Amino acid sequence: MGTQSDIKLIEENGLRLDGRNPGDLRPIKIEAGVLNRADGSALIEWGGNKVLVSVYGPREAYPKHNQDINKAIVKARYNMAAFSVDERKRPGPDRRSIEISKVLSEALESAIMVEQFPRAQIDVFIEVLQADAGTRIAGLTAAAVAIADAGIPMRDFVTGCTAGKVNDKVVLDLSKEEDNFGQADLPIAILPKSKKIVLLQMDGDLSLEEFDTATSMIINAISRINEIQRNALSAKVKVDDAGGE
Ligand code: ADP
């Protein structure tokens, strides 16, 4: 999050640098079941982001002392490929990816019926192949589809979106420039049926009024994004029915 609010990110006509209105999403495409060897998988393209998610499990948690006798443990691992950003990213976990893995694991655990699988582990590998702002939310949104694709019972989907503030204006779904040079970034994920918030982080600052505007924009967008998630799964079912892979 930059501090330079003087960088022009909104034109005189009110449009953003990529031509979007303040409340517009970038294009989103999700495909379920893209990998043959994983139990479930999904590929999401969200603006310039490309994120591949694979799911394994539920299987017996190992080492055994990690097991929870009451429920499955959900282990999401968020990883940025070395080639996902402009400058080659040093491979391996860092502070940021460890934090994101933790918050994504917790968000997913709220949606999965973990109590049906005591002593088990569900692994969710979130591989960012191309990063363009909003990767944690893109990864989480695809992870929900991959988990459903694996046939793991869920009480609800998990669907996310970000909003933020640029040039003193609240906008939906920040682009890379808006994320870098804007004044605030607010990723939120909810369970769309029960309307429960399962992830909320904020960088920068917003007034209470701006926060209200941002959350309304996000909630509105989430119903559209959830429809894309559902369509990805029903498209996959149709392919399976036709005997395809
Ligand atoms: P998110 O991707 O969830 O928005 P951040 O706000 O931390 O997470 O990052 C915003 C964007 O900054 C990322 O999507 C990516 O394009 C870029 N970025 C993050 N980490 C790095 C890094 N280590 N090197 C280069 N660019 C990065």
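A residue counts as buried when its relative accessible area is under 20%, and with a relative accessible area of 11%, Ala133 is therefore buried. That residue is a convenient place to begin this tour of a predicted model.

**Ala133 and the ligand**

Select Ala133, which you will find in the loop between β5 and α2. Its phi is near 80 degrees, a positive value in a residue other than glycine, and this is worth a pause because most residues other than glycine have a negative phi. Now show the ligand together with Ala133: a polar backbone atom of Ala133 is 2.8 Å from an oxygen atom of the ligand. Add Arg136, where a polar side-chain atom lies 2.8 Å from an oxygen atom of the ligand, and then Asp179, whose side chain has an N or O atom 3.5 Å from a ligand oxygen. Of the 540 Å² of accessible area that the ligand has on its own, the protein covers 75%. To see the rest of the surroundings, extend the selection to the other residues around the ligand, including Met80, Val85, Arg96, Lys176 and Asp185.

**From Asp185 into strand β8**

Keep Asp185 selected and widen the view to strand β8, residues 184-191, in which 8 of the 8 residues are buried. In a regular strand the side chains alternate between the two faces of the sheet. Colouring the two sets separately shows Ala184, Leu186, Ile188 and Ile190 on one side and Asp185, Pro187, Ala189 and Leu191 on the other, all of them buried, so that both faces of β8 are covered.

Which strands pair with β8? Strand β6, residues 159-166, runs antiparallel to β8 and is joined to it by 7 bridges, and within this pairing Gly164 stands opposite Asp185. Strand β10, residues 203-204, is also antiparallel to β8, with 2 bridges, and there Gly204 is the bridge partner of Ala184. Strand β9, residues 196-200, pairs with β8 in the antiparallel sense over 4 bridges, with Ile197 opposite Ile190.

Follow the chain from β8 into β9 and you pass through a hairpin with 4 residues between the two strands, where Lys195 in the turn has a positive phi of about 60 degrees. Ser194 lies in this loop as well, and at 45% relative accessibility it counts as partly exposed. If you select Ala107 alongside Ser194, the C-alpha atoms of the two, 87 residues apart along the chain, are separated by 14 Å.

**Thr159 in strand β6**

Go next to Thr159, which lies in strand β6 and counts as buried at 0% relative accessibility. Display its side chain with that of Gln229, and you will see a polar contact of 2.6 Å joining the two. Thr159 also touches residues of β8, among them Ile188, Ala189 and Ile190, and its other contacts include Thr141, Ile222 and Asn226.

**The open sheet**

Now turn to the open sheet of 5 strands, which has the order β1-β2-β3-β5-β4 and mixed pairing. At its edges stand β1 (28-32) and β4 (73-80), each with a single partner strand, so one side of each is left without a neighbour in the sheet. From one strand to the next the twist averages 15 degrees.

At the β1 edge, 5 bridges join β1 to the antiparallel strand β2, residues 40-46, and Ile28 stands opposite Trp46. At the β4 edge, β4 pairs with β5 in the parallel sense over 8 bridges, and Arg77 stands opposite Phe125; of the 8 residues of β4, 6 are buried.

Add the helices to the view. Helix α2, residues 135-149, lies across β1, β2, β3, β4 and β5, running at about 150 degrees to β2, whereas helix α4, residues 208-241, lies across β1 and β2 and runs at about 30 degrees to β1.

**Details of the backbone**

For the last stops, look at the backbone, keeping in mind that most peptide bonds are trans. The bond from Gly57 to Pro58 is cis, with omega near 0 degrees, and Pro58 is found in strand β3. The bond from Tyr62 to Pro63 is cis too, with omega near -5 degrees, and Pro63 has its place in the loop between β3 and β4. Finish at Arg119, in the loop between α1 and β5, where phi is near 70 degrees and the residue counts as partly exposed at 43% relative accessibility.

Definitions and conventions
Residues are numbered from 1 along each chain as its sequence is written. Side-chain values use heavy atoms; hydrogens and water are left out. Buried means under 20% relative accessible area, exposed over 50%, partly exposed in between (1.4 Å probe, protein chains only). Two strands pair if DSSP finds at least two bridges between them. A polar contact is a pair of N or O atoms within 3.5 Å; within protein, one must be able to donate a hydrogen and the other to accept it, and residues adjacent in sequence count only if both atoms are side-chain atoms. Contact means heavy atoms within 4.5 Å. A residue is near a molecule or strand if one of its heavy atoms lies within 4 Å of it. Accessible areas come from the Shrake-Rupley method with a 1.4 Å probe; for residues, only the protein chains shown count as cover. Axes are lines fitted to C-alpha atoms, for helices over the stretch in contact, and angles run from 0 to 180 degrees between N-to-C directions. Lists of a residue's contacts leave out its neighbours within four places in sequence.
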